[in-house]
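Please open the structure in your viewer and keep the selection panel handy. We will start with a whole chain and then step inside.

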Amino acid sequence: MDQRFIRNFCIIAHIDHGKSTLADRLLQHTGAISEREMVNQVLDQMDLERERGITIKMQAVRLEYQYPEDELVYQLNLIDTPGHVDFSYEVSRSLAACEGALLVVDAVQGIEAQTLANAYLAIENDLEIIPVINKIDLPGAQPDQVKEELEKALGLDMERTVLTSAKLGWGTPEVLAAIVKYVPPPRGNVREPLRALIFDSYYDSYRGAIPYIRVVDGEIQAGTIIKIMATGKSYEVDEVGIFAPARRTVPRLSAGEVGYLAASIREVKDIRVGDTITVVDKPAAGPLPGYRPVRPMVFCGLYPADGGDFDALRTALDKLQLNDASLVYEPETSKALGFGFRCGFLGLLHQEIVQERLEREYHLELISTAPNVAYRVTRTDGQVVMVDNPAQWPPPGQIAMVEEPVVKATIISPTAYIGNLMDLTAQKRGRFLQMDYLSPERVLLEYILPLGEIIFAFFDQLKSRSRGYASFDYEVAGYEEADMGRLDILLNGEMVDALSTIVHRDKAYQVGRQLVTRLREVIPRQLFEVVIQAAVGHKVIAREAVKPLRKNVLEKCYGGDVTRKKKLLEKQKEGKKRLKAVGNVEIPQEAFLAVLQPSGGQGR
Amino acid sequence: MDYDLGIYLHIPFCRRKCNYCDFLSFVPSPETVTAYLEALKQEMALAAAAWPRLTSFPLPSVTSVYLGGGTPSLLSGEQLQDVLDGLRRHFGVAPGAEITVEANPGTVDAAWLAAAEAAGANRLSLGVQAFNDRLLGSMGRLHTAREARDAVSLARECGFSNVGIDLIYGLPGQSLADWRETLAEAVGLVPEHISCYGLEIHPGMPWGVLAARGEISLPDEDLWEEMFGFTDSFLTGCGYRHYEIANYCRPGRESRHNLRYWQRRDYLGFGLGAASMVGCRRWRNHEKLPAYLAALETGKLPVADGEEMTVAEVLAEVFILGLRLLNGLDLERAAREFPEADWPRVRQTIARLEAVGLVERCGPVLRLSRRAWPVANEVFAEFLG
């Protein structure tokens, strides 16, 4: 295909601003799918995605579009992007596969933190941006104000703006025309050695790992012997093709085009996002810029609730990893929870998704420990170790310095909540960077925040302190020194390793207090008193006790009741099975997440 | 071979439903009562005829009969006589069999008591619940404390030498002092038997609804335990045996019919929703009156559902029920009766419970330790599958 007639673009938007609906409209308008085939949000395939209304895995769809100006047919490749900060590296790679982006903004909500984060990424990747102000059919739509915000925050050329209502189909032709008009065609060289960017992948149980690629230079077809540049591994291509949106094989993919290839690749780990594919016999001089291996940011222990399921959990993780190269895990043992895995995730959402898939698709019942980040610990002997597991925290005497990962956070909020949000970020040990007014009513705040402080509850707190109006996004910003220590929990004097957590020393007392209070609420009364203590080193900093069980007896039991009473006892026994015996104390699974849920207040 | 049977007869009628009640009972019309009693007699006839097919044994003699409710004392003297005659027509009731009738104070007078006595009843169980008119009123009871006292002395006058009274503690607004007063009054009447039940709240009942809305406050488990403990020490001090979790009696005055349930000895239940157990089988009658009557009209036993238990399930029941008794259960006898059960596992369970002081052994007898009584479910659940 002549590159002059190719346009590669993506849609970027804050969650719920209408990205998927707009994509559906583009597919429909270009005839890629018919009205009848139209299932809402065609691009979001997994159940989980649809339930959460977010895009986790992206896809590339080829549209054939006749541009009314010259009546010629253009090949438009829509590259979908994941919509969550956990996947920002993947977003950046799919942006790198494009020349232009539709920046969709809700005409009622205006710019949100994710809008900016994604727009900055697009600008960094030299993409032409077409602002799309969506939902203009809604009564509260303020397209002019949104335009002003975009201009002010991003310095965009607002001449190109298209107003749409994706729901009603308004503006779809204008969006398509703008893509041809403003997105530049690819500028690769088909005669150069092959260089193709892997921007996503998926696992097909029949054909192995399938990379989605953007061919930058050269061309690729069945029979080509390719080489993955970072791993050095070679494969013979079985098939190349596109999605339109149904899978379709094509004779070749050449410079500027987007599609997939199948080459009997065993695992998605072998085709990491951001890597470059070239040919074996005449390889490119160097890879495309921007590749980096993805590093997990959030870690937790995953244990089978039933110890006998350990092998099943291993098998399930192995299978998931075929499909998800960013999931890492290694076996670990906990005195409290037995055999399980220490797992690393891109972020909290990624963790939740993995856990939910393990439970839903593999029918495993899991206990997870509270998530934590990885700390960089310099020992007194000068050795630097990464600690992603509280159980492996070195003894205090061996620690010279601890550094924690931090992020640069962007918060956008109505001005009324600035005070609340500043208070929240202060509690989270945030360091203020700057504040900008997007409009007289809306403000943008930038902070450096410890990642460990935002991986739990932060988002909910941000929402509750701004009545749902503030939005938040972040990017990883290196490591900073911090005074961290390990907080341990003891039940009747015995330390429970799975309940240990790393805290900032200034907050140890507060966190310890919260933890023991919460644990007192969730641990059921037992036949003896249960003393719950929080300790730093050998020093106990908080204590609570669960009083012994005083009553558990069915008093009336006569001839007619026996069957019913047995059922009650069976139910009680079932409930007990979900408890985990730690020493002689039985604790419920939610106890292991106590650190995530501050005490409810309405407890006993 | 010594083989006997107990019979339970359910009389599902009440003048009104109490606020805490979840028993199968309702306020009937006079025609319903007549039709029901006819059906009940019909059921006894059918059951007696079916017995040899059920067991391949001849009918054993009946050593305990229990008329429960509802309010059996709502039947007239003649109706009561008629029902018990019907029973005797089809089953051999042993001489000296215990025949209990439940009655509510306020529904019995001297004539009725005399008729009941004449019909063969020799044990009276009175639903007293409390000797406190404020609490009786809030429960929705239709009698006063005075009427309860009168019913006991009237029963004595009419020749009942075995009288039991039922009491409830843990009522909304009931203090420990209120409960002590009720117990003291009860003891003053010198009944042979006292049952003390902690209030249970059931969702559908008026109090269940109020409790869910937070409109009545119930005692917490600490107060409950205090009441339970006080009852035990007080009644034991007054010469009663705490022979089952909720039951006390003068020596030798255990409810023989109820002992049968806890010792897992066979019984047949007749009437609406009544339950039966023979060996490893349990079954239950229809709980809806139309279904019950319709079955009998077509000459069928009104059985709704039942189960055939495995040896393991039966043995679990032996423990769950037997451990309710002060005398516990005889392990050697159980081992003889169920040689094929998984005894190594059972012994392990027993050893575990013994180690934490929840059960104790005394020769062949296994029983709950003192501290285990208020938390007996923790023990019972261990014997389930």
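Select chain A of this predicted model. Its 604 residues would have a radius of gyration near 25 Å as a compact globule, and the 27 Å of chain A agrees with that. Turn the chain along its principal axes: the C-alpha atoms fill a box of roughly 85 × 70 × 60 Å.

Now switch to a cartoon view. Chain A holds 13 helices and 33 strands. Which contacts tie the chain together? Among those between residues at least 6 apart in sequence, 69% join residues at least 24 apart.

Next, show the surface of chain A. About 25,600 Å² is exposed, and carbon and sulfur atoms supply 48% of it. Buried residues make up 57% of the 604 residues. If you colour by charge, you will be looking at 72 positive and 83 negative charges, whose mean positions lie 7 Å apart.

Time to go inside. Select B:Leu40, B:Phe91, B:Ile194 and B:Phe319: in the largest nonpolar core, which has 113 residues, these four touch the most other members. Then highlight helix 1 of chain B (residues 30-55), which gives this core its largest share, 9 residues.

Zoom in on B:Phe91. Leaving aside neighbours within four places in sequence, its contacts include B:Leu5, B:Ile7, B:Met44, B:Ala47 and B:Ala48. Add B:Leu59, B:Val62, B:Leu268 and B:Phe270 to the selection, since B:Phe91 is in contact with these too.

For the last stop, select A:Leu95, A:Leu150, A:Tyr260 and A:Leu444. They are among the 40 residues of a second, separate core.

Terms used. Residues numbered from 1 in each chain as written. Chains lettered and ligands numbered in written order. Predicted model: local features only at pLDDT ≥ 70, side-chain atom pairs only at ≥ 80, totals over all residues. Heavy atoms only, no water. Helix = DSSP H or I, 4+ residues; strand = E, 2+ residues; numbered from the N terminus. Rg over C-alpha atoms; globule rule 2.2 N^0.38 Å. Buried < 20%, exposed > 50% of the residue type's maximum accessible area, 1.4 Å probe, protein only. Contact = heavy atoms within 4.5 Å. Areas by Shrake-Rupley, 256 points an atom, 1.4 Å probe, with all protein chains shown as cover. Lys, Arg positive; Asp, Glu negative; His and termini not counted. Charge placed at Lys NZ, Arg CZ, Asp CG, Glu CD. Core = buried A, V, L, I, M, F, W, Y, C linked by side-chain atoms within 4.5 Å.
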